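Colleague: I am new to this structure and would like to understand what the words used for it rest on. Could we go through them together, one term at a time?

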Protein chains: 2
Amino acid sequence: MNKKPTIRDVAKQAGVSPATVSYVLNDVKKVSDKTKAVVLEAIEQLNYFPDFTAVSLSKKKSNLIGIMLPIIEDSPASVFKNNLYYNEFVSGVELVARNRKFDTMITGVGDLDECKNWIMKRNIDGLIILGMFPESLYNELKNINIPIALIDTYEDYTNLFNNVKVNDEYGGYLAAKHLVELGHRNIAFVATNLAMSPVDRKRYQGFEEALKEAGIQPSSKFIFETHDITFEDGAKVGKELLSSDHGITGIVTVSDVLAIGIIKAIQQEGKQVPADYSIVGFDDLSICKYITPSLTTIRQDIFEKGKLAADQLVNAIESLNSEQKTIEMPVELIVRESTRSL
Amino acid sequence: MNKKPTIRDVAKQAGVSPATVSYVLNDVKKVSDKTKAVVLEAIEQLNYFPDFTAVSLSKKKSNLIGIMLPIIEDSPASVFKNNLYYNEFVSGVELVARNRKFDTMITGVGDLDECKNWIMKRNIDGLIILGMFPESLYNELKNINIPIALIDTYEDYTNLFNNVKVNDEYGGYLAAKHLVELGHRNIAFVATNLAMSPVDRKRYQGFEEALKEAGIQPSSKFIFETHDITFEDGAKVGKELLSSDHGITGIVTVSDVLAIGIIKAIQQEGKQVPADYSIVGFDDLSICKYITPSLTTIRQDIFEKGKLAADQLVNAIESLNSEQKTIEMPVELIVRESTRSL
DNA sequence: CTGAAAGCGCTTACAG
DNA sequence: CTGAAAGCGCTTACAG
């Protein structure tokens with residue numbers, strides 16, 4: 001527990017000034033090879049590494065990127081519990097952050113102030129925001145002078161920021177088209193909340209488009225909404241869907257998690273997938289292959305999404321090149337066992 | 001983008017010294033109510049909040065707790081991708097950290113130095129280590145003067161630290177006993193790596209115990225090992241298990257994720273769970289209820305585990321009370337559809 | 001090429 | 001009860 005050496009200790013050991021040590025540390029090109037060698041030697045001997053807190057303070061740069069996760073109203077407790085999506089996303093972020101010498105902080109936030117505070121007090125260099133927050137947050141965010149990457153947002157007030165999203169509309173389209181081609185006509189769309197979620201709306205647009213192309217008249221009778229993205233909510237909406245008798249045979253869903261819950265509900269009612277209902281998920285979580293029936297779904301590469309978001313963010317941080325960019329990732333239909341031809 | 005106010009600005013506004021502002025901020029009880037009110041007023045007006053970087057530097061306390069995740073050899077990429085366990089654990093940590101005014105950083109680490117650096121450079125106040133690292137790491141850790149909580153470790157060199165674990169032995173016992181009571185005699189044990197994982201060993205001990213109680217002679221023929229905890233590894237070991245013909249009818253597993261993979265393998269070979277094989281998982285991830293058949297498993301409350309670990313850590317940080325504690329959480333058999341009476 | 005000095009935004013003995 | 005001053009560990013103009 002010999003206390004951590006400081007830059008001063010290194011300086012003394014090397015017989016130079018702290019400034020010089022700092023110069024070699026930061027590769028400021030005005031140190032002679034000779035002194036540089038001496039300094040490096042001293043650093044090695046003392047096993048010195050800089051205190052990032054101090055560096056942050058004087059450089060006004062923290063090398064910290066933050067991931068903010070929304071807290072759903074009634075489960076402020078669980079930040080990203082239950083939602084497999086977050087898992088993969090955060091992994092992606094952490095990976096590129098680490099490789100690029102940044103550290104990753106995560107937080108769930110309740111109210112606006114909490115959020116602003118969090119950013120400011122830690123001098124976060126960049127922020128990734130996952131999920132929807134109230135518009136007022138984004139307005140506040142404009143005044144904060146750090147790069148921000150939003151994930152999966154479509155609102156107008158949102159395009160002042162960097163953005164990583166997938167082609168949601170096409171995803172909805174692919175899902176519906178797949179079912180249509182299999183001969184389904186009465187197809188349900190299960191969203192979380194169309195009014196609140198632009199992502200859901202985009203997917204629904206694509207969904208509608210596919211129906212229309214096939215000469216099917218979309219109807220709001222076929223829209224179902226859940227509260228949150230959990231297996232349980234999926235099961236709940238599944239029951240609802242089963243008892244609504246509109247001759248539904250196909251189900252397009254906004255998330256694999258929901259789809260898995262729905263399948264369970266179907267099975268519990270003594271019906272089968274895909275015999276009685278064909279269902280397609282969204283995301284292609286790793287679990288999809290391993291449930292029975294395995295889940296047909298719209299694949300998006302969430303891990304990659306996290307990597308892209310982090311890369312975009314770090315680029316913005318490092319190059320001051322504050323040009324907003326939005327990256328749209330492709331989407332792909334993965335056919336497995338949960339859908340069948342009618 | 002008016003720049004962030006500093007303590008100096010507040011002081012000026014309130015007509016006091018920065019020191020005084022600091023006093024009221026830190027609730028050092030020597031400020032008159034009157035000046036305190038003035039200061040608070042100024043803070044309010046300027047919308048001031050302290051810069052944690054600066055606070056950290058001068059207080060030598062960061063209010064940061066770190067979660068270190070192991071990086072499995074061949075997938076250094078994914079920190080906690082794929083493993084649903086991490087998800088819930090981290091959520092628990094984040095929740096209590098936030099409530100107790102700490103922030104949460106996560107990192108995956110490759111080598112030793114990376115780890116030590118990470119702790120030191122950020123002045124992390126406390127560390128939670130998830131999973132196994134080489135012994136040398138723990139030796140290094142002893143020299144670092146911060147509270148550390150280890151999760152699920154049993155090694156000798158490990159009990160210098162705080163520890164949160166579950167009653168693994170009893171878990172293994174419950175699982176095996178359940179199967180034995182259902183009439184199974186040839187029961188496989190699927191671990192990740194008995195030689196490497198003390199947790200696995202504990203569970204196996206309990207497993208053996210239950211067999212012996214029932215007069216069944218344990219045999220190494222019935223032990224199977226995987227590489228990592230992924231669905232894929234589960235499926236792989238499942239195939240292995242199926243082709244090893246020892247008349248196995250029951251399977252005890254060290255993780256739900258593995259169990260799910262195994263079930264898939266079984267179904268793909270045209271066999272059924274529980275008709276042909278009864279299987280019990282470990283963890284009780286939220287997915288367990290929603291797969292088909294739903295998974296009988298040994299429940300541990302992972303979310304709670306994260307909360308306990310964080311609480312323990314923060315307690316240690318705040319009270320200097322550096323007495324090591326190990327918390328053992330209970331474990332419970334949850335019977336669902338994946339096991340049946342023979 | 002190198003160093004003395006001021007500064008980053010706070011805290012904390014120490015005086016008064 | 002309040003403030004001046006030194007200090008936390010670094011960086012960075014500015015001189016020389």
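Modeller: What follows is a set of questions and answers about a predicted model.

Colleague: What makes chain A and chain B related by a two-fold axis?

Modeller: Chain A can be laid on chain B by a turn of 180° with a shift of 0.1 Å along the axis, and the RMSD is then 0.1 Å. That is the relation of a two-fold axis. The residue of chain A that comes closest to the rotation axis is Met105(A), whose C-alpha lies 2.2 Å from it.

Colleague: How do you know that the copies meet through the same surface?

Modeller: Of the interface residues of chain A, 100% are also interface residues in chain B, and therefore the copies meet through the same surface.

Colleague: What domains is chain A divided into, and what separates the centres of domain 1 and domain 3?

Modeller: Domain 1 of chain A covers 7–50, domain 2 is made of 64–165 + 302–329, and domain 3 covers 168–300. Taken over C-alpha atoms, the centres of domain 1 and domain 3 of chain A are separated by 62 Å.

Colleague: Turning to the DNA, which residues come nearest to strand C?

Modeller: There are 26 residues around DNA strand C, and those that come nearest are Thr20(A), Tyr23(A), Ile7(B), Ser22(B) and Tyr23(B). A residue is counted as near if one of its heavy atoms lies within 4 Å of the strand. By class, this surface near DNA strand C divides into 12 nonpolar, nine polar and five charged residues.

Colleague: How do you know which parts of DNA strand C lie within 4 Å of the protein?

Modeller: Of the atoms of DNA strand C within that distance of the protein, 67% belong to sugar or phosphate, and the rest belong to bases.

Colleague: What makes the approach of Ser32(A) to DNA strand C a polar contact?

Modeller: The cut-off for a pair of N or O atoms is 3.5 Å, and a backbone N or O atom of Ser32(A) lies 2.8 Å from a phosphate oxygen of DNA strand C. The pair is therefore within the limit and counts as a polar contact. Asp51(B) also meets this test, with a polar backbone atom 3.0 Å from a phosphate oxygen of DNA strand C. Ser58(B) uses a polar side-chain atom, which lies 2.9 Å from a sugar or linking oxygen of DNA strand C.

Colleague: Which helices supply the surface near DNA strand C, and which gives the most?

Modeller: At least two residues each are supplied by α2 (18–25) and α4 (52–59) of chain A, together with α2 (18–25) and α4 (52–59) of chain B. The element that gives the most is α4(B), with four residues.

Colleague: Which residues are closest to DNA strand D?

Modeller: DNA strand D is surrounded by 26 residues, of which the closest are Ile7(A), Ser22(A), Tyr23(A), Thr20(B) and Tyr23(B). Sugar and phosphate account for 68% of the atoms of DNA strand D that come within 4 Å of the protein.

Colleague: What do Asp51(A), Thr20(B) and Tyr23(B) contact on DNA strand D?

Modeller: A backbone N or O atom of Asp51(A) lies 3.0 Å from a phosphate oxygen of DNA strand D, and a side-chain N or O atom of Thr20(B) is 2.6 Å from a phosphate oxygen of that strand. Tyr23(B) places a polar side-chain atom 2.6 Å from a base oxygen of DNA strand D. Two or more residues of the surface near DNA strand D come from each of α2 and α4 of chain A and α2 and α4 of chain B, and α4(A) gives the most, with four residues.

Colleague: Why are β9(A) and β10(A) called paired strands?

Modeller: Pairing needs at least two bridges, and β9 (residues 278–283) and β10 (residues 296–299) of chain A have four bridges in the parallel sense, so the term applies. Within this pair, Asp283(A) stands opposite Arg299(A). In the antiparallel sense, β10(A) pairs over three bridges with β12 (residues 332–334) of chain A, where Glu332(A) is the bridge partner of Arg299(A).

Colleague: Which peptide bond leading to Pro274(A) is called cis, and where does Pro274(A) lie?

Modeller: The bond from Val273(A) to Pro274(A) is cis, with omega near 5°, and Pro274(A) lies in the loop between α11 (256–268) and β9 of chain A.

Note on methods: Residues numbered from 1 in each chain as written. Chains lettered and ligands numbered in written order. Predicted model: local features only at pLDDT ≥ 70, side-chain atom pairs only at ≥ 80, totals over all residues. Heavy atoms only, no water. Polar contact = N/O pair within 3.5 Å; in protein donor to acceptor, adjacent residues only side chain to side chain. Nonpolar A, V, L, I, M, F, W, Y, C, P; charged D, E, K, R; others polar. Domains from an automatic or database assignment. Least-squares fit on C-alpha atoms with pLDDT ≥ 70 in both. Contact = heavy atoms within 4.5 Å.
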